[in-house]
Amino acid sequence: MNESFKKKILCIGAGYVGGPTMAMIAHKCPQYKVTVVDINPDRINEWNSENLPIYEPGLYEIVKSSRGKNLFFHTDVKKGIQESDIIFVSVNTPTKTFGVGAGMAADLQYWEKTARQILECSQSPKIIVEKSTLPVKTALAMERILSSADSGIHFEVLSNPEFLAEGTAVKDLENPDRVLIGSSLTESGLKARDELVEIYENWVPRKQIITSNIWSSELSKLVANAFLAQRISSINAISDLCEKTDADVSEVANAIGMDSRIGDRFLKASVGFGGSCFKKDILNLVYLCRNYGLTEVADYWESVVRINEYQKKRFVLNMLKAMFNTLADKKICLLGFAFKADTGDTRETPALYIANKLLEENAKLVISDPKALKNAKKDLKEAKGDISYVEDPYQAAKGCHAIAILTEWALYTELDYRKIYDSMEKPAFLFDGRNIVSHQEIYEIGFNVYPIGKPALKHF
Ligand code: UDX
Ligand code: UDX
């Protein structure tokens with residue numbers, strides 16, 4: 001093996017963030033040795049195989065180009081720590097489910113365990129990079145843990161939040177809007193920061209690499225996600241009003257999005273946002289605000305999550321009402337289970353909430369998705385009721401009373417809806433939770449069509 005690498009980078013946590021980020025660094029910086037470790041051996045085996053543990057367009061090609069050369073995946077965390085100069089920490093930080101702050105605060109147990117393990121195994125100075133999204137001031141806690149032993153080893157902690165979105169991870173990593181690096185403003189902090197800047201400069205223009213103090217960096221990640229989620233809740237709130245007033249939410253979004261101060265992105269009304277980050281990070285922000293006694297500020301941000309819950313609930317109630325107030329024994333086809341297109345990830349997916357609510361109404365579910373059926377089965381393992389999983393959308397819709405489009409997979413825009421209509425029970429309903437199909441055309445085929453934020457098209 002070529003041991004003449006310039007620096008050795010380790011990443012602890014081979015998840016949705018750690019895996020793709022390290023693959024990109026290895027791909028762009030052949031002079032660095034990049035190792036990714038994880039306590040889960042199955043995950044590591046998958047990273048070393050042709051079937052990566054996560055689906056991301058273009059990711060396999062990038063992994064393949066570096067794996068075995070300067071990109072390695074294994075489970076020996078201790079060895080990884082000992083060998084490395086720079087350690088990225090990318091373990092998960094879910095919402096706490098127990099004790100103080102349950103349902104709100106971040107669960108930092110994996111993260112703290114990792115800090116202690118770094119301290120225990122290190123024999124030389126290291127730069128520690130927080131990649132996980134963490135509450136403000138966590139870097140300070142990490143620094144305290146790392147300086148708690150008298151080994152004399154110096155650790156410099158940096159914050160480098162990841163802004164990639166799932167489904168476009170490779171594109172986002174290759175052409176990021178910006179890379180943010182927070183450091184302490186001491187001489188050693190700035191030196192460590194420059195080392196990290198040097199890595200990103202291999203492919204990101206210097207003016208897009210921005211630096212700040214650690215706390216601004218930690219907070220910026222929470223605020224970015226809060227602002228993005230807030231836009232979705234804002235347009236979703238308006239979608240409710242549109243349905244009552246015969247306005248069309250897409251026309252409203254288009255009209256306001258052309259105001260360059262507002263901008264046209266993240267204005268798609270939907271069945272609600274999902275994903276591992278938005279809800280978790282907002283609740284984290286809310287918890288921080290409450291902690292500092294900022295009740296009004298906390299309530300303001302919490303309402304973004306409340307509107308999202310409301311949007312999901314409203315979708316199911318609309319289905320119930322449209323289908324004559326009873327769903328018992330009716331077969332409903334869910335097209336899409338992933339929280340967004342181009343991923344198999346189902347964390348916080350609105351589809352799970354909707355599936356559970358429909359089952360409570362004694363509906364029979366047929367769930368279809370091109371990439372997320374494995375996760376859907378896991379998510380619904382405990383659910384009681386009649387559920388089947390069918391990847392082919394035509395087979396899935398056969399004999400159903402209704403279709404609900406829950407993920408914006410491009411494939412659902414290209415289906416032969418006449419063929420589907422002919423195979424369904426009548427009257428046939430289509431609920432478009434993503435506004436991705438042509439509602440007028442589908443109505444003309446014979447469907448009763450219920451978009452989000454637009455008047456329904458009904459035959460009765
Ligand atoms: C990331 C971030 O780290 C999280 O803070 C952010 O808010 C969302 O994105 P993600 O990569 O999506 O998390 O998480 P996940 O896919 O669950 O990956 C975390 C990995 O860390 C898992 O593979 C897990 O096995 C591993 N892990 C966890 C360790 O290796 N050691 C631990 O002690 C805990
Ligand atoms: C998000 C952030 O975009 C990313 O910067 C951060 O690092 C992690 O969290 P992600 O959750 O992967 O990324 O996906 P994103 O594209 O932001 O979508 C989140 C949810 O919002 C999805 O359920 C999506 O369908 C929904 N959404 C998005 C809408 O409902 N309407 C929109 O206009 C945009």
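These legends go with close-up views of a predicted model.

**View 1. The surroundings of ligand 1.** There are 22 residues around ligand 1, and the ones that come nearest are Gly-13, Gly-15, Tyr-110, Ser-132 and Thr-133. If you're wondering which helix gives the most to this shell, look at α5, which spans residues 109–121 and puts in 3 residues. As for the mix of side chains, the shell around ligand 1 has 11 polar residues, 8 nonpolar ones and 3 charged ones.

**View 2. Helix α5 against helix α6.** Here we stay with α5, the helix that gives 3 residues to the shell around ligand 1, and look at its packing with α6, residues 138–146. The two axes are 9 Å apart, and the helices pack at an angle of about 35°. Their crossing is right-handed. On the α5 side you'll find Glu-112, Ala-115, Arg-116, Ile-118 and Leu-119, and these meet Met-142, Ile-145 and Leu-146 in α6. Sorted by class, that contact has 6 nonpolar residues and 2 charged ones, with no polar residues.

**View 3. The surroundings of ligand 2, between two domains.** Ligand 2 is surrounded by 19 residues, with Glu-166, Lys-268, Ser-270, Phe-273 and Gly-275 the closest. Where does ligand 2 lie relative to domain 1 and domain 2? Both domain 1 (7–204) and domain 2 (233–460) give residues to its shell, so ligand 2 lies between them. The largest share of that shell comes from helix α9, residues 214–245, which supplies 3 residues. Class by class, the shell around ligand 2 has 11 nonpolar, 4 polar and 4 charged residues.

**View 4. Where the two domains touch.** The domain assignment splits the chain into domain 1, 7–204, and domain 2, 233–460. Their C-alpha centres lie 34 Å apart. The contact draws 14 residues from domain 1 and 16 residues from domain 2. On the side of domain 1 that touches domain 2, the count is 9 nonpolar, 4 polar and 1 charged. Ligand 2 belongs in this picture too, since both domains give residues to its shell.

**View 5. Helix α9 across helix α11.** This is the α9 from the ligand 2 view, where it gives 3 residues to the shell. Its partner here is α11, residues 278–291, and the two axes come within 9 Å and cross at roughly 115°. The crossing of α9 past α11 is left-handed. From α9, the residues to find are Leu-222, Asn-225, Ala-226 and Ala-229, which meet Phe-278, Asp-281, Ile-282, Asn-284 and Leu-285 in α11. By class, this contact has 6 nonpolar residues, 2 polar ones and 1 charged one.

**View 6. Helix α12 with helix α13.** How do we describe a packed pair like this? Two packed helices are described by the angle between their axes and the distance between the axes. For α12 (residues 295–322) and α13 (residues 350–360), the axes come within 10 Å and cross at roughly 40°. The two helices are therefore oblique to each other. The crossing is right-handed. Lys-312, Phe-315 and Val-316 make the contact from α12, while α13 brings Pro-350, Tyr-353, Ile-354, Lys-357 and Leu-358. That gives a contact with 6 nonpolar and 2 charged residues, and no polar ones.

Key: Residues are numbered from 1 along each chain as its sequence is written. Chains are lettered from A and ligands numbered from 1 in the order in which they are written. This is a predicted model: local features need pLDDT of at least 70, side-chain atom pairs count only at pLDDT 80 or more; totals for chains, interfaces and linings use all residues. A residue is near a molecule or strand if its C-beta atom, placed from the backbone, lies within 6 Å of it. Helices (H or I, at least four residues) and strands (E, at least two) are DSSP runs, numbered from the N terminus. Ala, Val, Leu, Ile, Met, Phe, Trp, Tyr, Cys and Pro count as nonpolar, Asp, Glu, Lys and Arg as charged, and the others, Gly among them, as polar. Axes are lines fitted to C-alpha atoms, for helices over the stretch in contact, and angles run from 0 to 180 degrees between N-to-C directions. Angles under 35 degrees count as roughly parallel, over 145 as roughly antiparallel, 65 to 115 as roughly perpendicular and the rest as oblique. A crossing is left-handed if the near helix is turned anticlockwise from the far one by less than a right angle, and right-handed if clockwise. Two residues are in contact if their C-beta atoms, placed from the backbone, lie within 7 Å. Domain bounds come from an automatic or database domain assignment.
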